[in-house]
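Student: Please select one part of this model and examine it closely, together with the parts that surround it. I should like one connected account, with each term defined where it is used.

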Amino acid sequence: MDGAIGGDPLAAWSGPRLLIPTSVDGLYGRGADLERLVDFISRWVLAAGAEEGAEILRFPPLLPRRHFEASGYFLNFASLAGTVHCFCGDEEEHRALSQSHDAGEDWTTAQAATDLVLLPAACYPVYPAIAARGPVRHDGQVIDACSYCFRHEPSRDPTRMQMFRQHERVFIGSREGAEAFRSRWMDHAATLAALLGLPHEIKVANDPFFGRVGRVMARSQREQELKLELLVPVVSAASPTACASFNLHLTKMATSFGLVFPDGAPAYTACAGFGLERMALAVLRHHGADPNGWPRVLRDQRPA
């Protein structure tokens, strides 16, 4: 799919068996071949690191607003966040709403924010759920999470989806355990990229924090190497795409959600997140849309 570099970045990945565009940039249906790739990658992540004994947790792509606020996500990434609004009025207000709609006016002004927000990352519901159980173990625990996630960045770039899937592994425990966990999963990700025949490298990165304070936070994040990414050329050979990330949160999530050891000290957390659609698009970029040209392991459809 050499044509994916240059021109309309979406054209090479559009089709009934790949990405199915809608009327909104960054929102797509998924065809059979794309889903076949996504399914393989997700199953591989689930099978990798089996010795960790990960607990499988699955949450819908929604988060209670109070947990969202506790996470600090909105202050750091205000432009990416999505809230859920609904009509909460009475019959009279509904008549006014209907009139606005029929007149082609902005009917959304009649809606109000609910106690839900769209999930920005698959790991976010994990922290309050584990904290609700009580003190965590010093030797640590690993959770496997996977969900659709939302980030408001409409684009023709197919790697910048507004709704996409993340498969994550989360560690909660000691700092040493968190650092070892992250190191293991960087190795796992490199193994997966090699298995899929993808050129790749792992580099220090930072999140897209918002505003002037955000620039300071981004610099600190890079200096401490708290975030690393698996980069693969997808749309642009010059600007490779982050297809997986490996994050050390220190005690940030612990203090936000009350993750503490039996002695009351905050736990450390880390996560390894795989962008399932991005990994799938990388396979299509480097091996083409015809499944007969994919690596043998994908044609056989067996995680290894």
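**Strand E7 and its surroundings**

Tutor: Strands E7 and E8 run antiparallel and are joined by 10 bridges. Strands (E, at least two residues) and helices (H or I, at least four residues) are runs assigned by DSSP and numbered from the N terminus; two strands count as paired if DSSP finds at least two bridges between them. The model is a predicted one, in which local features need pLDDT of at least 70 and side-chain atom pairs count only at pLDDT 80 or more, while totals for chains, interfaces and linings use all residues. Residues are numbered from 1 along each chain as its sequence is written, and side-chain values use heavy atoms, with hydrogens and water left out.

Within the pairing of E7 with E8, Ser-147 stands opposite Gln-166 in E8. E7 also pairs with E3, in this case in the parallel sense over three bridges, and Ile-56 has Asp-144 in E7 as its bridge partner. Nine of the 10 residues of E7 are buried, so the strand is largely enclosed by the rest of the structure. Here buried means under 20% relative accessible area, exposed means over 50%, and partly exposed lies in between, with a 1.4 Å probe and protein chains only.

E7 belongs to an open sheet of seven strands with mixed pairing, in the order E3-E7-E8-E12-E11-E10-E9. At the edges stand E3 (55–57) and E9 (201–204); each has a single partner strand, so one side of each is left without a neighbour in the sheet. From one strand to the next the twist averages 20°. Further along the order, E8 (residues 163–173) and E12 (residues 268–275) run antiparallel and are joined by eight bridges. In that pair, His-167 faces Phe-274 in E12 as its opposite residue. In a regular strand, side chains alternate between the two faces of the sheet.

Helix H1 lies across E3, E7 (141–150), E8 and E12, and runs at about 0° to E8. Angles run from 0 to 180 degrees between N-to-C directions, and axes are lines fitted to C-alpha atoms, for helices over the stretch in contact. Contact itself means heavy atoms within 4.5 Å.

H1 packs in turn against other helices. Two packed helices are described by the angle between their axes and the distance between the axes. For H1 (residues 32–47) and H9 (residues 276–287) the angle is about 120° and the axes are 9 Å apart. The crossing of H1 with H9 is right-handed; a crossing is right-handed if the near helix is turned clockwise from the far one by less than a right angle, and left-handed if anticlockwise. On the H1 side the contact is formed by Leu-34, Leu-37, Val-38, Ile-41 and Ser-42, and on the H9 side by residues including Leu-276, Glu-277, Met-279 and Val-283. By class, this contact holds 10 nonpolar residues, one polar and one charged. Ala, Val, Leu, Ile, Met, Phe, Trp, Tyr, Cys and Pro are counted as nonpolar, Asp, Glu, Lys and Arg as charged, and the others, Gly among them, as polar.

H1 also meets H6 (residues 175–195), where the axes come within 11 Å and cross at roughly 145°. This crossing of H1 and H6 is right-handed. Phe-40, Ile-41, Trp-44 and Val-45 of H1 make the contact with Trp-185, His-188, Thr-191, Leu-192 and Leu-195 of H6. Seven of these residues are nonpolar, two are polar and none is charged.

Leu-196 touches residues of both H1 and H9: its contacts include Phe-40, Ile-41, Met-279 and Val-283, not counting residues up to four places away in sequence. Leu-196 and Phe-246 have the most contacts inside the largest nonpolar core, which has 53 residues. A nonpolar core is a set of buried Ala, Val, Leu, Ile, Met, Phe, Trp, Tyr and Cys residues joined through side-chain atoms within 4.5 Å. Another core, of 28 residues, lies apart from it and has Val-170 and Leu-63 among its members.

Phe-246 leads back to H6, the helix in which Arg-182 is found. Arg-182 counts as buried because its relative accessibility is 11%. Phe-246 is among the residues touched by Arg-182, as are Glu-225, Asn-247 and Leu-248, again leaving out residues up to four places away in sequence.
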